[in-house]
Protein chains: 2
Amino acid sequence: MKNYQIKPGNKLQLSHCDPDDTGSYEKTGEGKEEAKAITEKLTGKLSELQERLYANGDRALLIVLQGMDTSGKDGTIRSVMSGVNPQGCKVVTFKTPSAEELGHDFLWRVHQKAPAKGQIGIFNRSHYEDVLITRVHGLISDKVVKQRFGQIREFEELLSESGTVILKFFLHISKEEQKKRLEERINNPEKRWKFNTGDLEERKLWENYQSAFEAMLAATSTDASPWYIIPANHKWYRNLIIAERIVKALEGMKLKTPPAPADINFDTLKIE
Amino acid sequence: MKNYQIKPGNKLQLSHCDPDDTGSYEKTGEGKEEAKAITEKLTGKLSELQERLYANGDRALLIVLQGMDTSGKDGTIRSVMSGVNPQGCKVVTFKTPSAEELGHDFLWRVHQKAPAKGQIGIFNRSHYEDVLITRVHGLISDKVVKQRFGQIREFEELLSESGTVILKFFLHISKEEQKKRLEERINNPEKRWKFNTGDLEERKLWENYQSAFEAMLAATSTDASPWYIIPANHKWYRNLIIAERIVKALEGMKLKTPPAPADINFDTLKIE
């Protein structure tokens with residue numbers, strides 16, 4: 001399968017990454033069905049691996065999801081993670097910071113929500129908003145942006161050195177695809193509640209966001225905490241690639257059945 | 001289906017409740033398969049209702065699980081909740097309180113973990129440990145136990161009046177069934193890691209625990225926050241009854257598709 005990982009230090013242009021890509025799969029019919037069948041197997045595998053992660057309790061997995069509005073952050077969680085035991089999987093949705101949160105550095109609230117050992121943590125938006133929306137709206141200077149890139153790298157290095165594997169997915173859709181998805185919400189009365197006028201204001205800043213994403217992806221993709229640019233125009237391909245990456249990451253931990261407690265002699269143990 | 005709800009103020013004896021009960025279902029063969037098929041439909045329904053709960057964002061559901069060791073608290077979560085989108089379902093496992101937690105009243109750490117609007121919260125053990133393990137080990141007086149029953153009723157009333165529906169499940173197994181389950185853990189090297197010597201010490205206090213449970217169930221089952229005594233010797237029947245209760249509770253909320261934002265005129269809205 002194709003690997004969409006960004007190599008550390010690479011300059012990149014999102015306009016050179018095709019959001020419509022579906023790798024070796026045909027975009028319709030058989031290709032799509034084949035991809036869906038593989039994804040289903042992968043999510044089954046994911047569920048097994050997660051039980052083992054939980055049982056071991058000495059590693060953690062952090063998944064970061066970023067992308068433009070309608071790029072499919074919620075949909076990814078629903079599609080890829082719904083088979084997982086919720087006891088070992090915590091989703092955190094970062095919204096506009098509260099007054100208390102703004103009273104601290106930008107990583108304060110994020111650090112508190114880092115996954116505990118044994119857990120899969122999913123960040124639906126994250127500390128990366130603090131070098132995206134704030135930057136696009138001119139709320140922070142370029143100097144602060146650069147400083148934050150460094151702070152983020154060091155923060156993620158701390159997590160990584162403490163046993164947390166980190167996967168960061170940028171859900172890459174085209175401007176045309178966003179238009180289609182917003183129009184679907186408008187035309188379907190059952191989906192209108194998802195709409196808010198802010199989405200249209202942000203859409204006007206599309207190019208600025210793409211630039212901010214490019215800088216962020218290049219500056220914060222490291223070996224220990226890589227970014228993947230996920231082609232996300234086709235939801236089924238997005239789900240496949242993300243499920244495949246997560247399974248690979250968990251397999252890479254080589255989790256075994258935890259050892260029996262050493263202070264018990266199981267051969268002579270009797271239950272009264 | 002049989003209703004295992006405890007009516008408020010009812011005295012009860014757990015020895016009169018059959019942990020081996022499977023209602024109108026035969027214990028083997030067809031009865032079991034039928035129950036499993038119904039449970040699967042219910043968990044599918046549960047997943048749909050949860051999406052609606054999340055979308056609405058004005059109600060919450062709190063599920064409390066209590067029971068002796070090996071009674072199936074973890075298994076219930078895995079079996080009944082694994083199809084649910086983890087974005088809208090948070091499981092909290094309450095362990096021995098930390099020094100900071102002990103510096104506050106017993107409901108302090110619990111209140112912080114109450115589910116937010118739109119969420120299903122699952123307590124794997126809960127504030128009820130503070131009238132169980134503490135009581136059985138003589139760490140609190142009968143006077144304090146009685147006081148805590150009142151405090152719990154008032155705390156849960158606050159949650160209920162604020163839009164949270166509460167379901168409390170006591171997983172009722174027999175002493176013989178616990179013996180069987182502990183022996184399974186001993187005899188299967190893959191399961192030995194789940195074992196700890198403390199479990200055997202607590203088992204010696206079986207009768208004291210049953211009395212403490214009886215008092216707790218009678219004192220804290222209210223109309224707004226009922227306890228159910230779930231016959232739990234048969235895991236498939238336990239799953240069926242719990243899934244059925246949860247679906248009923250969510251259906252009872254009569255959740256509709258949320259309204260579209262009032263400040264947008266969808267008829268004239270154009271995406272550029």
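Reader: Why are α6(B) and α9(B) called oblique to each other?

Author: This is a predicted model, and in it the axes of helix α6 (residues 142–161) of chain B and helix α9 (residues 206–220) of chain B cross at roughly 45 degrees. Roughly parallel would need an angle under 35 degrees, and roughly perpendicular runs from 65 to 115. The angle fits neither class, and α6(B) and α9(B) are therefore oblique to each other. Their axes come within 10 Å, and the crossing is right-handed.

Reader: Which residues make the contact of α6(B) with α9(B)?

Author: From α6(B) come B:F149, B:I152, B:R153 and B:E156, and from α9(B) come B:A215, B:M216, B:A219 and B:T220. By class, the residues of this contact divide into 5 nonpolar, 1 polar and 2 charged.

Reader: What makes α2(B) oblique to α10(B)?

Author: The axes of helix α2 (residues 73–81) of chain B and helix α10 (residues 235–252) of chain B cross at roughly 60 degrees and come within 10 Å. The class of roughly perpendicular begins at 65 degrees, and that of roughly parallel holds angles under 35. The crossing angle therefore makes α2(B) oblique to α10(B). α2(B) passes α10(B) in a right-handed crossing.

Reader: Where do α2(B) and α10(B) meet?

Author: In α2(B), B:G75, B:T76, B:S79, B:V80 and B:M81 take part, and in α10(B) their counterparts are B:R238, B:N239, B:I242, B:A243 and B:I246. The contact of α2(B) with α10(B) has 5 nonpolar, 4 polar and 1 charged residues.

Reader: How do you know that A:E101 forms a salt bridge with A:R109?

Author: The closest N and O atoms of A:E101 and A:R109 are 3.1 Å apart. The cut-off is 4 Å between a side-chain nitrogen of Lys or Arg and a carboxyl oxygen of Asp or Glu, so the pair of A:E101 and A:R109 qualifies as a salt bridge.

Reader: Is A:R109 buried or exposed?

Author: A:R109 has a relative accessible area of 13%. Buried means under 20%, so A:R109 is buried. A:E101, at 24% relative accessibility, counts as partly exposed.

Reader: What do B:K2 and B:D21 tie together?

Author: The side chains of B:K2 and B:D21 meet in a salt bridge, 2.8 Å from N to O. B:K2 and B:D21 each lie in the segment before α1 (30–56) of chain B, so the pair ties together parts that are 19 residues apart in sequence. B:K2 counts as partly exposed because its relative accessibility is 45%, whereas B:D21 counts as buried at 14%.

Reader: Where do B:R181 and B:E177 lie?

Author: Both are in helix α7 (residues 175–187) of chain B, 4 residues apart, about one turn of the helix. Their side chains meet in a salt bridge of 2.8 Å, N to O. Both B:R181 and B:E177 are buried. In chain A, salt bridges that share partners join A:D69, A:R125 and A:E129 into one network.

Reader: How many salt bridges are there over all chains?

Author: A search of the whole structure finds 24.

Reader: Why does A:Q66 count as buried?

Author: A:Q66 has 0% relative accessibility. The cut-off for buried is under 20%, so A:Q66 counts as buried. A:Q66 is in strand β1 (residues 60–67) of chain A. Leaving aside neighbours within four places in sequence, its contacts include A:K73, A:R125, A:E129, A:F169, A:F213 and A:W227.

Reader: Why is A:K254 called exposed?

Author: Exposed means over 50% relative accessible area. A:K254 has 65% relative accessibility, so it counts as exposed. A:K254 is found in the segment after α10 (235–252) of chain A. A:K254 has a positive phi of about 50 degrees although it is not a glycine.

Reader: What makes B:T70 buried?

Author: B:T70 has a relative accessible area of 11%. That value is set against the limit of under 20%, so B:T70 is buried. B:T70 is found in the loop between β1 (60–67) and α2 of chain B. Phi of B:T70 is near 70 degrees, a positive value in a residue other than glycine.

Reader: Why does A:G29 count as partly exposed?

Author: A:G29 has 45% relative accessibility. Buried is under 20% and exposed is over 50%, with partly exposed in between, so A:G29 counts as partly exposed. A:G29 is in the segment before α1 (30–56) of chain A. From C-alpha to C-alpha, A:G29 and A:L49 are 31 Å apart in space, and they are 20 residues apart in sequence.

Definitions and conventions
Residues are numbered from 1 along each chain as its sequence is written. Chains are lettered from A and ligands numbered from 1 in the order in which they are written. This is a predicted model: local features need pLDDT of at least 70, side-chain atom pairs count only at pLDDT 80 or more; totals for chains, interfaces and linings use all residues. Side-chain values use heavy atoms; hydrogens and water are left out. Buried means under 20% relative accessible area, exposed over 50%, partly exposed in between (1.4 Å probe, protein chains only). Helices (H or I, at least four residues) and strands (E, at least two) are DSSP runs, numbered from the N terminus. Axes are lines fitted to C-alpha atoms, for helices over the stretch in contact, and angles run from 0 to 180 degrees between N-to-C directions. Angles under 35 degrees count as roughly parallel, over 145 as roughly antiparallel, 65 to 115 as roughly perpendicular and the rest as oblique. A crossing is left-handed if the near helix is turned anticlockwise from the far one by less than a right angle, and right-handed if clockwise. Contact means heavy atoms within 4.5 Å. Ala, Val, Leu, Ile, Met, Phe, Trp, Tyr, Cys and Pro count as nonpolar, Asp, Glu, Lys and Arg as charged, and the others, Gly among them, as polar.
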